[in-house]
Amino acid sequence: MAGKTEEEIVATRERAMKHLEGLGYEFVNTKFTDEWYSPEKMQERGVVNIPLCFIAKSLESMSLCHAAYFAAGWEQTRGCRIEHEVAKAYGVEIIYEPDADAAAS
């Protein structure tokens, strides 16, 4: 969720969880915040490309899923575009965030 504030990320994730649970899905967290993914720990492990490490972990998590949810604006983020292509290539169901304007009408 590049370019979003922490508050925007939390709100988007909460909407996604509510939407997916309403469809009968269990939400898999792909926001990796544990110490293992801190910049210091990654540097200790020799990670030289942190964004690549995160996309690799995200794709690993995707392997556990029947569907992938893409929030509005996903097309603007390199990692989301990669995840979307992987979902298409491997037959993972793709769910898009409902249009907030359409849902309000």
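This tour moves from the whole chain to helix 1 and then to a group of aromatic rings.

Begin with the entire protein, keeping in mind that the model is predicted. Coloured by secondary structure, the protein shows five helices and two strands, and when read along the sequence these follow the pattern α-α-α-β-α-β-α. The C-alpha atoms fill a box of roughly 50 × 30 × 25 Å along the principal axes. If you switch on a surface, the accessible area comes to about 7,400 Å², with 55% of that area belonging to carbon and sulfur atoms. Of the 105 residues, 27% are buried, and among contacts with a separation of 6 or more, 58% are between residues 24 or more positions apart.

Next, select helix 1, residues 6–22. Its 17 residues should span 24 Å at 1.5 Å a residue, and the C-alpha atoms at its ends are indeed 24 Å apart, which agrees. Within this helix, display the side chains of Ile 9, Thr 12, Arg 13, Ala 16 and Leu 20, which are buried; they cover an arc of only 100 degrees around the axis, and so they lie on the same side of helix 1. An α-helix has 3.6 residues a turn, so residues three or four places apart point the same way. Now add strand 1 (67–70) and strand 2 (93–96), against which the buried residues of helix 1 pack. Turning to the other side of helix 1, you will find Glu 7, Lys 18 and Gly 22 exposed. Just after the helix, pause at Gly 24, which takes a positive phi of about 95 degrees.

For the last stop, turn to the aromatic rings, which form six pairs in this model. Select Tyr 37 and Phe 54, whose ring centres are 5.7 Å apart and whose planes meet at 35 degrees, so that the pair is tilted. Because Tyr 37 lies in the loop between helix 1 and helix 2 (39–45), while Phe 54 belongs to helix 3 (residues 50–62), the pair ties together parts that are 17 residues apart in sequence. Tyr 37 is buried, with a relative accessible area of 12%, whereas Phe 54, at 28%, counts as partly exposed. Adding Phe 32 to the selection completes a cluster in which ring pairs link Phe 32, Tyr 37 and Phe 54.

Finally, show Arg 45 and Trp 36: the charged end of Arg 45 sits over the ring of Trp 36, 3.8 Å from its centre. The charged end of Arg 45 also sits over the ring of Tyr 37, 5.8 Å from the centre of that ring.

Terms used: Residues numbered from 1 in each chain as written. Predicted model: local features only at pLDDT ≥ 70, side-chain atom pairs only at ≥ 80, totals over all residues. Heavy atoms only, no water. Phe/Tyr/Trp six-rings, centres within 6.5 Å; stacked < 30°, edge-to-face > 60°. Helix = DSSP H or I, 4+ residues; strand = E, 2+ residues; numbered from the N terminus. Buried < 20%, exposed > 50% of the residue type's maximum accessible area, 1.4 Å probe, protein only. Lys NZ or Arg CZ within 6 Å of the ring centre and 35° of its normal. Expected span 1.5 Å × (residues − 1). Arc of directions from axis to C-beta. Contact = heavy atoms within 4.5 Å. Areas by Shrake-Rupley, 256 points an atom, 1.4 Å probe, with all protein chains shown as cover.
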